[in-house]
Every structure is written in structure tokens, then in C-alpha cells.
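Visitor: I should like to understand how the descriptive terms applied to this structure are justified. Could the reasoning be set out step by step?

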Amino acid sequence: MSAGHMISTIARRELTSYFASPVAYVFLVIFLLLTGFFTFTAGAFFERGEASLASFFMWHPWLYLVLVPAVGMRLWSEERRAGTLELLFTLPIAPWQAILGKFLASWLFLAIALGLSFPVILTVNVLGEPDNGQILAGYLGSLLMAGAYLAVTCMTSAMTRNQVVSFILSVVILLFLILAGFTPVTDLLVRWASPAFVDTVAAFSVMTHFDGFQRGVIDSRDLLFFLSVIGFALFATGVILRNHRAG
Amino acid sequence: MIRIENLAKTFGAKRAVDGVSFAVERGEVLGFLGPNGAGKSTTMRMITGFIPPTEGTVRVGAHDVVESPLQAKRLIGYLPEAAPSYPDMTVEGFLSFAADMRGLAGDTKKRAIGRVVERCFLASVIHQSIDTLSKGYRHRTCLAQALIHDPEVLILDEPTDGLDPNQKHEVRNLIRELGASKAIVFSTHILEEVDAACSRAIIIDRGKIVANGTPAELRAMSVFAGAVTLQASGADTETMTAKLAALDGVARVEAVDGALRAYPRDSSASGRLVRTVVELAAREGWQLDGLRTEEGQLDEVFRRITLPDTVKAPSR
Ligand SMILES: Nc1ncnc2c1ncn2[C@@H]1O[C@H](COP(=O)(O)OP(=O)(O)O)[C@@H](O)[C@H]1O
Ligand SMILES: [Mg+2]
């Protein structure tokens, strides 16, 4: 049995279980309502008088702060609570395949949610002449950021059998990842610390690395950042699960 | 098929499994007995590769479970104690998932699902969501998952727990039947199951094996084994007790429910004991109304060797 077969079997099961529950549809509706609200009302889409999705993407780091942990919190904590972890890890599958399969399924679910926001692209294209390349870069960045958030949630959900604890832990970690590069915070920090230090801290922030994508720039360092966060958090998930099993 | 050597597991300061060794061959059904917390589940989790041993080795088929976990796991079907399954799936969906994970596809998969559905009596609930099933059905759904790839090794942690008496009976029959061609280990604390399904039994207590043998051998360890119980008339109880106790080979005599039970002095005396008693009755002119040799009671053996010493001795 190839790794691909195992990963896709796990991913299919996970995705089916998302859509088997009404929570998935509720989530999609909430996601779309919130993006709509933030873009058009809080983001002052119309008042900006420019054909871009800046007011759409600028909220994503904050929106995902709550929505992504909500999607990912059950990934491993539920397996631990229900005891299916024991089933999964006594089937002939390597742990990394199970971890990747479950991660990819939830990421795909987030991608579907993000994809369903396509009416905003239509809207700006009807209203003006936006730079669609920039929009595409924004979507790519947003998807990668969602993946990074999700991987962190994956890790926290492996730490506990309680979904709520996993949710809170991941919101706290993600908040750090946001605030480290959030301009009001960095502006405060430079008063006490050297700019070099503040820059170093900011280099670990999703804000810093999402910024380029929003401006339509796909920088390999930003790509690398999000992919490393995903890689690191999934690796940590594996270590946590192994330690949990060892008792 | 299963070879366990010096297996140990430590949780913090607690030694849950402490130097367990045994082997199970194809065609054997090993009953794994022991009080709660004895270390049965922990041992089974190490055999199935769910938790790594602190010490010792487990080999399943030709594979070391720690060194080549995937090869070992392919040979094993496992029913965990909690019989977990994914509640949001239907029985069919769950079994189909298990079959996919075992690399079954197409017709082979369809036949495998049909076979376990029949074996585990799941036909009536096949399209039902697992969270709507009663405990017995959920349990058998997980058992079906363990059988889906017709494994050579079956590890079943309390497979009859939570089932009603009919279901218990069916599952025991199933285990005995499967045992003809597989190596099976199943844990239980129901002693009748040892007779109903096992070819051999191990009793484990506080992480250590305290007895290992066929059901008959275990029963022979009972203090009752070889004792002769008789109901007789023709003399008063005191006289009979005294005469029985005076017999060569009798250790002591006890009154039980209107009958007398003579215990053999040692196992070599037990074979001849019934004849000695019959001869005594004939000599004394007692009329025998009932006479039997005790086989020994498993639950007595179990209690005697697994109770802490402080509980065993009557308190003063
Ligand atoms: N993950 C764990 N962490 C700490 N202690 C454990 C763990 N699993 C089992 N134990 C302890 O190990 C002992 C043996 O447990 P177990 O193997 O479940 O016994 P049994 O299945 O025979 O009832 C118990 O005292 C239990 O509390
Ligand atoms: Mg147990």
C-alpha cells in the first residue's frame, strides 16, 4: 500500500466526516458572512474608491485567528477522546501519513471556504479594473496562512483530549504569531528594544509574511516561512502524539 | 505467531507490565485473565504496536513490532477495550474505511465486508450511523473491523464486555471457530469464557504472569481439585467426618451443604481418593446417595492467586 493511498484514505474519511455534520455548513456560512461584513462594512470597501481586494485580505489574519482553530481543534483531540487514536495507530499506517492526511483534509475544507468567497472577485471586476494577479497572490497567501494556522491547531489538538482546550491554546499561539508583526505592537516595541530585535521578532509573524502577498508580491522567503511553519507544527504534532502513546 | 519476551511497561513510577513472556501459535486461543488493572490492556497495546514497550520485545509473525511496525500490524486484527469507532460514519462506511486501510479494493473488499457483516451479525444496521447504535452493535462493528482482512493474529481486549448473554455466546463461538486457523489472544475477567473458548490461559496480576496452562491444568491448581464430595447416610456426621479424616491420603474434611468433602493430602493421593472413600463406606455400611470428584474451580484459583495477601488471610 503506497503512502499516497494511505494519506488519501485518511483524508477522504476526514473530509466526509466534516460534511456529515451540519457544523461544516454553519461554518461555511459564518465564514462567508464574516468576510462579507469585514470587507464591505468594516473594511470600507466602497469608500476606498479603488478596485482592489485590500479590504478583503487585510482581515484574514484576524478572521482566521478564530475560524481556523474552530475547524482544526477536533483533529486529534477527538481521536484521543473517542479512543479511535488506538485504532488508527494499530492500523498499518505510518504516523506521518495519518497526520498529513488529516491536515490536508482540513486544509482542503478551508480552501473550499476561501474559494466560496469568489463573488468578491466578481464584484471588484464588475466595479472596476483590479489587478487580478495581485488578487490571485492574495488568495495564495491567504491559503498558505490558513494552512500555517491549521498546522498550529493540529499541534495543539494533539496535546489534549479536550477540543476547547485545544482551541484556546491555538488561539493564544496564533495571537503571538500575529502580534509579533502587527504594526501597532512593533511601534510600541521599538521604544524599548533595538530595531534589530524588533525586526527579528517580526520575522516570525504571519503579518510580516502575508503583507507581500497582499501587495501582489510572491516572495520565496514568505512562501518558505508559511511552509516551514506548517512543516514544523506537523512535525511537532508527530512528536506530541508519540510521547502521548509512550505514556 | 506471537512471541513476547520480558515485556515491561513503566508509567511514571508504576510498573504496569513487569517482565511478561509467552508465545502463541497458530491454532491457539490464549485467554488472558487478570483482575482490573493487572496490565492486560497495556500488554495488548504493546503487542499491537500502539504503545512502545519500556523493555522487552514483541514479535508477530517474523516481524519485531518496534522495528517493523507496519509489517507486524498488517498481520494483526485488533479490538481495543473501548471498541472505538467513528460515530459520524455508517457501519458500512466505517468497514469500507477499514478495508481501504488494509489495502482491500474492488470485489475483494466487497466480499470482505459481506463476510464480516455476516459473522458479526451487522446486516440489520449496515446503513445506520454508528452513534445511533446500541453498545452491543458498536462493539461488534469494531470487532468486524478487526476481522476485515482475515488476519493471522487476533488481539481482542474484552471482546464480550457489554454484550448480552446471547451475544456473548455468539462471540465466544466465533472466537473458538476462528481460533482453528489463527493465533488469538483475548482478555476477559469472565472465567466461564476460559472453558468456552480457550485452548490455554494465562493469569496476570500486578503486571506479572502468575499462572499459565490449559484450563484443566489451571483447575487442577484449585484446592478443590481431586477432593471427594459425598452424601451418605448410615452414621451421624461426626462419626463419618472422623472416619474420613482418619483415612490415609485425606488432609481434612469439611461439611458443605449437607455433604462432606474430603480433601486429598497431595496430588498423588487425589487419584486414589475416591476408591478409598468408596471402600470405607462399604466397610462401615454407609449408603451412598451422592459421590463426586471435584474438578477444581477456576474462580477459586483466580481469587487465591490474584488477591493481595492481606485480603486472603482472614483479618483478626
Ligand atoms: N497511559 C497510562 N498512564 C498511566 N498509567 C496507566 C496507563 N495505562 C494504564 N495504566 C495503569 O497501568 C495499570 C494496568 O492497566 P491495564 O493494562 O489497563 O489493566 P487491565 O487491562 O488488566 O485492567 C493500571 O494500574 C493503570 O492505571
Ligand atoms: Mg483492560
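**Charges and rings**

Guide: A:Arg13 lies over the face of B:Phe97, at 5.9 Å from the ring centre. The model is a predicted one.

Visitor: What makes A:Arg13 count as lying over the face of B:Phe97?

Guide: A charge is placed over a ring when CZ of Arg is within 6 Å of the ring centre and within 35 degrees of the ring normal. The distance for A:Arg13 and B:Phe97 is 5.9 Å, so the pair satisfies the distance limit of 6 Å. In chain A, the charged end of A:Lys102 likewise sits over the ring of A:Trp76, at 5.0 Å from its centre.

Visitor: How many aromatic pairs are there over all chains?

Guide: The count comes to 20 aromatic pairs. One of them joins A:Phe31 and A:Tyr64, whose ring centres are 6.3 Å apart and whose planes meet at 10°.

Visitor: Why is the pair of A:Phe31 and A:Tyr64 called stacked?

Guide: Rings pair if their centres lie within 6.5 Å, and planes under 30 degrees apart count as stacked. With centres 6.3 Å apart and planes at 10°, A:Phe31 and A:Tyr64 are therefore a stacked pair. A:Phe31 belongs to helix α2 (residues 22–42) of chain A and A:Tyr64 to helix α4 (residues 60–72) of chain A, so the pair ties together parts 33 residues apart in sequence.

Visitor: How do you know whether A:Phe31 is buried or exposed?

Guide: Buried means under 20% relative accessible area. A:Phe31 has 2% relative accessibility and so counts as buried; A:Tyr64, at 2%, counts as buried for that reason too.

Visitor: What kind of pair do B:Tyr86 and B:Phe97 form, and why?

Guide: Their ring centres are 5.9 Å apart and their planes stand at 85°. Planes over 60 degrees apart count as edge-to-face, so the pair of B:Tyr86 and B:Phe97 is edge-to-face. B:Tyr86 is in the loop between β6 (76–79) and α3 (91–101) of chain B, and B:Phe97 is in helix α3 of chain B, eleven residues apart. Both B:Tyr86 and B:Phe97 are buried.

Visitor: Which residues do ring pairs link into a cluster?

Guide: The cluster consists of A:Tyr18, A:Phe19, A:Tyr25, A:Phe27, A:Phe31, A:Tyr64, A:Phe109 and A:Tyr149.

Visitor: What is the secondary structure of chain A, and why is the chain called as compact as a globular protein of that length?

Guide: Chain A has 14 helices and zero strands. Its radius of gyration is 19 Å, close to the 18 Å that the globule rule gives for 247 residues, so chain A is as compact as a globular protein of that length. Buried residues make up 49% of the 247 residues in chain A.

Visitor: Why does A:Leu108 count as partly exposed?

Guide: Partly exposed lies between the 20% limit for buried and the 50% limit for exposed. A:Leu108 has 44% relative accessibility and therefore counts as partly exposed. A:Leu108 is in helix α7 (residues 95–115) of chain A, and with A:Ile112, A:Leu116, A:Phe118 and A:Leu122 forms a nonpolar surface patch of about 420 Å² of accessible area together.

Visitor: Why is A:Asp222 called buried?

Guide: Its relative accessible area is 9%, and buried means under 20%, so A:Asp222 is buried. A:Asp222 is found in helix α14 (residues 220–246) of chain A.

Visitor: What makes helix α1 (residues 40–47) of chain B mostly covered?

Guide: Seven of the eight residues in helix α1 of chain B are buried, including B:Lys40, B:Met44 and B:Ile47. Just after α1(B), B:Gly49 takes a positive phi of about 80°.

Definitions and conventions
Residues numbered from 1 in each chain as written. Chains lettered and ligands numbered in written order. Predicted model: local features only at pLDDT ≥ 70, side-chain atom pairs only at ≥ 80, totals over all residues. Heavy atoms only, no water. Patch = residues over 30% accessible without salt bridge, like charges linked within 9 Å, V, L, I, M, F, W, Y side chains within 5 Å. Areas by Shrake-Rupley, 256 points an atom, 1.4 Å probe, with all protein chains shown as cover. Salt bridge = Lys/Arg side-chain N within 4 Å of Asp/Glu carboxyl O. Helix = DSSP H or I, 4+ residues; strand = E, 2+ residues; numbered from the N terminus. Buried < 20%, exposed > 50% of the residue type's maximum accessible area, 1.4 Å probe, protein only. Phe/Tyr/Trp six-rings, centres within 6.5 Å; stacked < 30°, edge-to-face > 60°. Rg over C-alpha atoms; globule rule 2.2 N^0.38 Å.
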